[in-house]
Each structure stands twice: as C-alpha cells, then as structure tokens.
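Student: I have a new structure to read and would like to learn how to approach it feature by feature. Could we go through it together?

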Amino acid sequence: MSLSLGPVLLFAKSLEATETFYRRLLGKDPKLKTSEVLIFDVEGHELVFIPDREPFQGNLAGLETEVIRGKGIILHLTAPDVDKEYRRLKKSGFDISSAPSDKPFGRRQMYIYDCNGYNIAIETVTPVTKNRA
C-alpha cells in the first residue's frame, strides 16, 4: 500500500476573511470559492477551508471558544528565502509571532497566526552540518 498526502482541511471562522488572508499570504487567488468551501492550490496540494459548523461533529467541540486553533497542528509552508518572506509579511502588516531563526533540524523558520488562529510556520530548508568529534 502506498499513501500520499491529500488535502489539508481546516475550519474557518469566516471564509471571506480567510480568503483575504491567504490571498495576501500566498499571492494568488483561490482555486475554488463557493459559499461552502474555499480551496487554495499550494504547489499541487490543496488547502481547503470550510465554515465552522454548529454543533461541531466528532471530537471538535470547543473550537468555537479556542483562540489558538488546531492545537498540536502547525501548517508548514516553504519559501526559498524565509528572511525575504519575513520582510514582505512584516511590511504588509501580518502579525508575526516569531521572527526567523535557525533550528537544529535543518530549517530556518518563522511563525505567524492566520485569521482563524491556526499556527503557520514559514520555513526554508537549510543544509544540516554534523558535528564531527
């Protein structure tokens, strides 16, 4: 059996605000926009937003009161130059929660929250150098 990554589905407090946020972040229009769904293509992967539902189904109860959504989930986007993205997003008024920094696992990352409270890491993969004793 072979698995591959399918669409990433997230709830949106407002599809209009979500469209505006991701249009500015990604620099492109959505692939599909209706009153019930908003889909962006991110390098061949679909980022899908649907409106919050009342009542929530399954184990999703409590999301309507959460400030930070998707606890334990971080949406990772890659960029050729995370520092350049940081300057662009900061200049455009995005709320940056963490400036770019090098991580020990070979990535340079920055963090922002989207308009729904989801945590987004924007990263550049950097070569990992091994310590040689």
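Student: What share of the contacts in the protein with a separation of 6 or more is accounted for by residues 24 or more positions apart?

Tutor: Bear in mind from the start that this is a predicted model. Among the contacts with a separation of 6 or more, residues 24 or more positions apart account for 49%.

Student: Which pattern of helices and strands does the protein follow along the sequence?

Tutor: The protein has two helices and eight strands, and, read along the sequence, they follow the pattern β-α-β-β-β-β-α-β-β-β.

Student: How should I read a sheet, and in what order do the strands of the sheet with β1 stand?

Tutor: As a general idea, the strands of a sheet pair through backbone hydrogen bonds, and they do so either parallel or antiparallel. In this structure, one open sheet of four strands has the order β1-β4-β3-β2, with mixed pairing. Its edge strands, each pairing on one side only, are β1 (8–12) and β2 (32–33). Within this sheet, five bridges join strand β3 (residues 38–42) to strand β4 (residues 45–51) in the antiparallel sense, and Ile-39 has Val-48 in β4 as its bridge partner.

Student: In what order do the strands of the open sheet with β5 stand?

Tutor: That sheet is also made of four strands, in the order β5-β8-β7-β6, and the pairing is mixed. Here β5 (74–78) and β6 (96–102) are the edge strands, each of which pairs on one side only, while the twist from one strand to the next averages 20°. Strand β6 runs antiparallel to strand β7 (residues 107–113), to which four bridges join it, and Ser-98 stands opposite Tyr-111 in β7.

Student: Which strands does helix α1 lie across, when I look at β5 and its sheet?

Tutor: To read how a helix packs, one asks which strands it lies across and at what angle it runs to one of them. Helix α1 (residues 15–26) lies across β5, β7 and β8 (119–125), and runs at about 10° to β8. The helix α1 also lies across β1, β2, β3 and β4, where it runs at about 15° to β3.

Student: Does a single residue help to picture this, and is Ile-120 buried or exposed?

Tutor: Ile-120 has its place in strand β8. Its relative accessibility is 0%, and a residue under 20% counts as buried, so Ile-120 counts as buried. Leaving aside neighbours within four places in sequence, Ile-120 is in contact with several residues, including Phe-21, Tyr-22, Leu-25, Leu-77, Met-110 and Ile-112. Ile-74 is another residue in contact with Ile-120, and although the two are 46 residues apart in sequence, their C-alpha atoms are 5.6 Å apart in space.

Student: How much of the protein as a whole counts as buried?

Tutor: Of its 133 residues, 35% count as buried. The accessible surface comes to about 8,800 Å², and 54% of that surface belongs to carbon and sulfur atoms.

Student: How much space lies in the largest pocket, and which residues are the closest to its centre?

Tutor: About 630 Å³ of space lies in the largest pocket. It is lined by 21 residues, of which Val-42, Glu-43, His-76, Leu-77 and Thr-78 are the closest to the centre. At least two residues of the lining come from each of α1, β4, β5 and α2 (82–91), and β5 gives the largest share, with four residues.

Notes:
Residues are numbered from 1 along each chain as its sequence is written. This is a predicted model: local features need pLDDT of at least 70, side-chain atom pairs count only at pLDDT 80 or more; totals for chains, interfaces and linings use all residues. Side-chain values use heavy atoms; hydrogens and water are left out. Two strands pair if DSSP finds at least two bridges between them. Axes are lines fitted to C-alpha atoms, for helices over the stretch in contact, and angles run from 0 to 180 degrees between N-to-C directions. Contact means heavy atoms within 4.5 Å. Buried means under 20% relative accessible area, exposed over 50%, partly exposed in between (1.4 Å probe, protein chains only). Accessible areas come from the Shrake-Rupley method with a 1.4 Å probe; for residues, only the protein chains shown count as cover. On a 1 Å grid over the protein atoms alone, a cavity is a set of points where a 1.4 Å probe fits but cannot get out, and a pocket is an open set with protein on both sides within 12 Å along at least five of seven lines; lining residues have an atom within 4 Å of a point. Grid points are joined across faces, edges and corners, and a volume is the space filled by probe spheres set on the points.
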